[in-house]
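Trainee: I have a structure open and would like to go through it with you. Can we take it one question at a time?

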Amino acid sequence: LLPFPSSSTFMMKLKNLAIISASLPWVCGSSTHDINGMMGLFNKISNYEASWVHTGSSIMENGDTSLLAVEEYECSLRTCADNDIMLWTMDLFGGLACVDDDAGCVLNGENVRRGMLVVGTAHDK
């Protein structure tokens, strides 16, 4: 996944953001997951584990793609990694894309959160 700068007025619009091609030979997974709502997005890609961080419950396999429905994604109770970061990934290798070509998928940090924090890409992939 791609890192994005932290900002007090953060809002990110996704327009066919392909993180990496799932057709590469070392990719383990090849599924596409349809995502509706922040809880679905959080559970698929927020895989960082620490005692102070919320972690998703159905993380996609390396090489999979999450396809976001057109909507604004905002945090609510336990749908973000922590108070400062919406989505936190570690060693996750795959794709994240919006279903439309008009940047209709919005990660809204609500003026307090970083949209994504990305650490590693699936053990040097």
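Trainee: Leaving aside neighbours within four places in sequence, which residues is Ser66 in contact with?
Mentor: Keep in mind that this is a predicted model. Ser66 lies in strand β3. Setting aside the residues within four places of it in sequence, Ser66 is in contact with His33, Ile35, Lys44, Ile45, Met60, Gly95, Leu96 and Ala97.

Trainee: Is Ser66 buried or exposed?
Mentor: Look at its relative accessibility, which is 0%. Buried means under 20%. Ser66 therefore counts as buried.

Trainee: What pattern do the helices and strands follow along the sequence?
Mentor: Start with the inventory: one helix and eight strands. Read along the sequence, the order is β-β-α-β-β-β-β-β-β.

Trainee: How many residues of strand β5 are buried?
Mentor: Strand β5 covers residues 85-90 and has six residues. The strand is mostly covered. The buried count is five.

Trainee: In what sense do β5 and β8 pair, and over how many bridges?
Mentor: Strand β8 spans residues 114-119. Within this pairing, Trp88 stands opposite Leu117 in β8. The two strands run in the parallel sense, over five bridges.

Trainee: Where is Asp91 found?
Mentor: Its relative accessibility is 22%, so Asp91 counts as partly exposed. From C-alpha to C-alpha, Asp91 and Val118 are 8.1 Å apart in space, with their positions 27 residues apart in sequence. As for its place in the chain, Asp91 is in the loop between β5 and β6 (95-98).

Trainee: How many aromatic pairs does the structure hold, and which residues form the pair?
Mentor: The structure holds one aromatic pair. Its ring centres are 4.1 Å apart and the planes are at 0°, so the pair is stacked. The residues are Tyr48 and Trp88.

Trainee: How many residues apart in sequence are the parts tied together by Tyr48 and Trp88?
Mentor: Place each partner. Tyr48 lies in the loop between α1 (37-45) and β3 (65-68), and Trp88 lies in strand β5. The pair therefore ties together parts of the chain that are separated in sequence by 40 residues.

Trainee: Are Tyr48 and Trp88 buried or exposed?
Mentor: Tyr48 has a relative accessible area of 17%. For Trp88 the value is 9%. The limit for buried is under 20%. Tyr48 is buried, and Trp88 is buried.

Trainee: How many disulfides does a search of the whole structure find?
Mentor: One joins Cys75 to Cys80, with 1.5 Å from S to S. Cys98 and Cys105 form a disulfide with their sulfur atoms 2.0 Å apart. In sequence order, the bonded cysteines pair as 1-2, 3-4. The search finds two.

Trainee: Is the link of Cys75 and Cys80 left-handed or right-handed?
Mentor: Both of these cysteines are buried. The angle about the S-S bond is -75°. The link of Cys75 and Cys80 is left-handed.

Trainee: Why is the disulfide of Cys98 and Cys105 right-handed?
Mentor: Cys98 is buried, at 2% relative accessible area. Cys105 counts as buried too, at 0%. The disulfide is right-handed because the torsion about its S-S bond is about 75°.

Trainee: Which side chains meet in a salt bridge?
Mentor: A search of the whole structure finds one salt bridge. The N to O distance is 3.2 Å. The partners are Arg113 and Glu110.

Trainee: Is Glu110 buried or partly exposed?
Mentor: Take its partner Arg113 first: a relative accessible area of 16% makes it buried. Glu110 has 29% relative accessibility. Glu110 therefore counts as partly exposed.

Trainee: What share of the contacts joins residues at least 24 apart?
Mentor: The base here is contacts in the chain between residues at least 6 apart in sequence. Of these, the share joining residues at least 24 apart is 81%.

Trainee: What percentage of the chain's residues is buried?
Mentor: The chain exposes about 6400 Å², and carbon and sulfur atoms supply 50% of that area. The chain has 125 residues. The buried ones make up 48%.

Conventions:
Residues are numbered from 1 along each chain as its sequence is written. This is a predicted model: local features need pLDDT of at least 70, side-chain atom pairs count only at pLDDT 80 or more; totals for chains, interfaces and linings use all residues. Side-chain values use heavy atoms; hydrogens and water are left out. A disulfide is a pair of cysteine sulfur atoms within 2.5 Å. Buried means under 20% relative accessible area, exposed over 50%, partly exposed in between (1.4 Å probe, protein chains only). Helices (H or I, at least four residues) and strands (E, at least two) are DSSP runs, numbered from the N terminus. Two strands pair if DSSP finds at least two bridges between them. Rings of Phe, Tyr and Trp (its six-membered ring) pair if their centres lie within 6.5 Å; planes under 30 degrees apart count as stacked, over 60 as edge-to-face and the rest as tilted. Contact means heavy atoms within 4.5 Å. Accessible areas come from the Shrake-Rupley method with a 1.4 Å probe; for residues, only the protein chains shown count as cover. A salt bridge is a side-chain nitrogen of Lys or Arg within 4 Å of a carboxyl oxygen of Asp or Glu.
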